[in-house]
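Dear colleague,

Please find below the structure that I am handing over to you, followed by an account of what was found in it. I should be grateful if you would read the two side by side.

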Amino acid sequence: MTETFDIAIVGAGITGCAIARQLARFDLSICVVEAANDITLGASKANGGLVHAGYDPAPGTVKAQVNARGCELYGRWTQELGFLFCRTGSMVLGFNDEDRAQLEKLRSNGLANGVPELSIVGPDRIHELEPRASASATCALWCPSTGFVDPFEVAIAALENAVANGVTFMRSAPVEAIEVAGSGDDVLFTLATPAGNVRCRYLINAAGNGAADISHMAGAEEFQMVWRQGNIVVLDKEPRALMSLYPVPTPVSKGVIVTGTVHGNTVITATAAVREPGDTQTYATDVNALLTGARKLVPDLDTRRVVRAFAGGRPVIKGTNDFFIGQSAVVPGLFQAAGIQSPGVASAPAIAERMELVMREAGVELHERADWDPIRHAPDDFERAPLARKKELIESDPAWGQIVCRCETVPEAEIVAAIRRRPGAVSVEGVKRRCRAGMGRCQSGFCQSRVVAILARELGCDPSEVLLEDAGSWLVEGPLKGVR
């Protein structure tokens, strides 16, 4: 079976979801085609969630053009899409005169890139802003506009809003071949996938680490992706979330960063090592480097409180440290959003905005729909809800009072809602990303079996068919004892 759309977007990471949401405003049929069985199973999942302000990219690069703008747009996006966003500010800590010279360069970069209110501060101001910052720091670049999000929550919220506005989401649909017919303004793409074929007039390549393959299949630009792997460590919740603290960056990385999260954890992010494509193993040497780097920035950080370590790969285009956003110079009708490494999360809203502009400049007619609704109402978060709302929810459905995940106070009804949303969770990790069941200090030790049972009931399958995450990741073999 072949379905026909005006636009197909390959990739349901934060970039593809942001673009889908941006283009859903217009009177066009759109399909998001995702190889995995859910949203954000690539680089957007294995990510520290920092919304970098934009002082790091070299002026004039594409990164520089979208980073500060993306950071600015998060204020509006969080209001419209209902995801959590904390704009706490950040400091890049310096420890000597050489570091101070680098901070001045970063400040100049930031001013050129349009980052507001950057200043170099001394020790007294450093400890006023973040009392736990290292007493050895002699100077810092203070940036009030830096923030952090859960990147998968942003992507989920954006795609939910896009789907509510008519966008189709096709999951478990890896693109196996692309046929390009016609020429000039009459190009027609046909994407072959195991879930069915997709025909479209315009193709947007937002495939993350698979972007080079999509470009090659379409006969467009030839480039190679480098798997620049990053290990990340999550610590248990703190009484007060830390401000984001950075070291002076290196040519390939922003270095080991210590940051808070929207749910009160501390994250140490991220190493940068070129490894084999697809390597998501965590390495003891990398984790030790993270913990050592973190203690330099926050000496009293209790690094014994690690609850999770994970790794992912940044989608880096070989030979460039920049984003590739624009119409293909080889294949008309193909638009590239490739090489979206750091600061991809921060830039996502502006990348979507830029893609709209690129398509307009290419002659794509974009007429706003009269029924476009930019608002996505966030689902109820039982743990954060006021007491009166908790009482109201339990009275409406007793399942709101049946706590499944004790660490994060997630009731059965919230898990059910995560599965029933459009597009909803189809795996244990999909539930986890939508409502945090299993994301606490026990990391699913107590609640996973119940989440499996709820998924099996809601999806109408046997518990042995429930996946941890993507295809092939079964959790159960044989019958379950005592499952109700």
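Phe5 of strand β1 has Cys200 in β11 as its bridge partner. The two strands, β1 (residues 2-10) and β11, run parallel and are joined by eight bridges. Please note that the model is a predicted one.

β1 also pairs with strand β2 (residues 30-33), again in the parallel sense, and here the number of bridges is four. Within that pairing, Val10 is matched with Val33 of β2.

Cys200 has a further partner: Phe189 stands opposite this residue of β11. The strands concerned, β10 and β11 (residues 197-205), are antiparallel and share three bridges. They form a hairpin in which four residues lie between the strands, and Gly196 in the turn adopts a positive phi of about 125°.

Which residue of β10 is the bridge partner of Val180? It is Phe189, the residue that also stands opposite Cys200 in β11. Val180 belongs to strand β9 (residues 177-181), which is antiparallel to β10 (residues 188-192) and connected to that strand by five bridges. β9 and β10 make a hairpin as well, with six residues between them; in its turn, Gly182 has a positive phi of about 80°. Taken in order, the pairings lead from β2 to β1, from β1 to β11, from β11 to β10 and from β10 to β9.

As to the chain as a whole, its secondary structure amounts to twelve helices and 21 strands. The radius of gyration is 22 Å, close to the 23 Å that the globule rule gives for 484 residues, so the protein chain is as compact as a globular protein of that length. The C-alpha trace spans about 65 × 60 × 45 Å along its principal axes.

Two annotations from UniProt may help with orientation. An unreviewed entry lists residues 6-354 as "domain: FAD dependent oxidoreductase". In the model this stretch is 29% helix and 27% strand, with its end C-alpha atoms 19 Å apart. The annotation "domain: BFD-like [2Fe-2S]-binding", likewise from an unreviewed entry, covers residues 403-457. Over residues 403-457 the chain is 49% helix and 9% strand, and 17 Å separates the end C-alpha atoms.

I turn next to the open and enclosed spaces. The second largest pocket has a volume of about 400 Å³. Its lining comprises 28 residues, and those nearest the centre are Glu153, Pro379, Asp381, Glu414 and Arg434. Helices α5 (151-164), α10 (412-420) and α11 (428-435) each contribute at least two residues to this lining. At the level of domains, at least three lining residues come from each of domain 1 (2-44 + 152-224 + 320-362) and domain 3 (387-465). How is the lining of this pocket divided by class? There are twelve nonpolar, three polar and 13 charged residues.

The structure holds one cavity of 30 Å³ or more. The largest cavity has a volume of about 40 Å³, and the residues around it are Tyr55, Asp56, Val92, Leu106, Tyr246, Pro247, Pro249 and Lys254. By class, this lining has six nonpolar and two charged residues, with no polar ones.

Finally, some points of backbone geometry deserve your attention. The peptide bond from Thr269 to Ala270 is cis, with omega near -10°. Ala270 is located in the loop between β15 (266-269) and β16 (273-274). A cis peptide bond also leads from Ser342 to Pro343, where omega is near 10°. The loop that holds Pro343 runs between β19 (334-338) and α8 (344-361). Thr409, although not a glycine, has a positive phi of about 55°. This residue is placed in the loop between β20 (403-405) and β21 (410-411).

With kind regards

How values were computed
Residues are numbered from 1 along each chain as its sequence is written. This is a predicted model: local features need pLDDT of at least 70, side-chain atom pairs count only at pLDDT 80 or more; totals for chains, interfaces and linings use all residues. Side-chain values use heavy atoms; hydrogens and water are left out. On a 1 Å grid over the protein atoms alone, a cavity is a set of points where a 1.4 Å probe fits but cannot get out, and a pocket is an open set with protein on both sides within 12 Å along at least five of seven lines; lining residues have an atom within 4 Å of a point. Grid points are joined across faces, edges and corners, and a volume is the space filled by probe spheres set on the points. Ala, Val, Leu, Ile, Met, Phe, Trp, Tyr, Cys and Pro count as nonpolar, Asp, Glu, Lys and Arg as charged, and the others, Gly among them, as polar. Domain bounds come from an automatic or database domain assignment. UniProt positions are given in the numbering used here, feature names are shortened, and annotations may be inferred rather than shown by experiment. Two strands pair if DSSP finds at least two bridges between them. The radius of gyration is taken over C-alpha atoms; the globule rule is 2.2 Å times the number of residues to the power 0.38.
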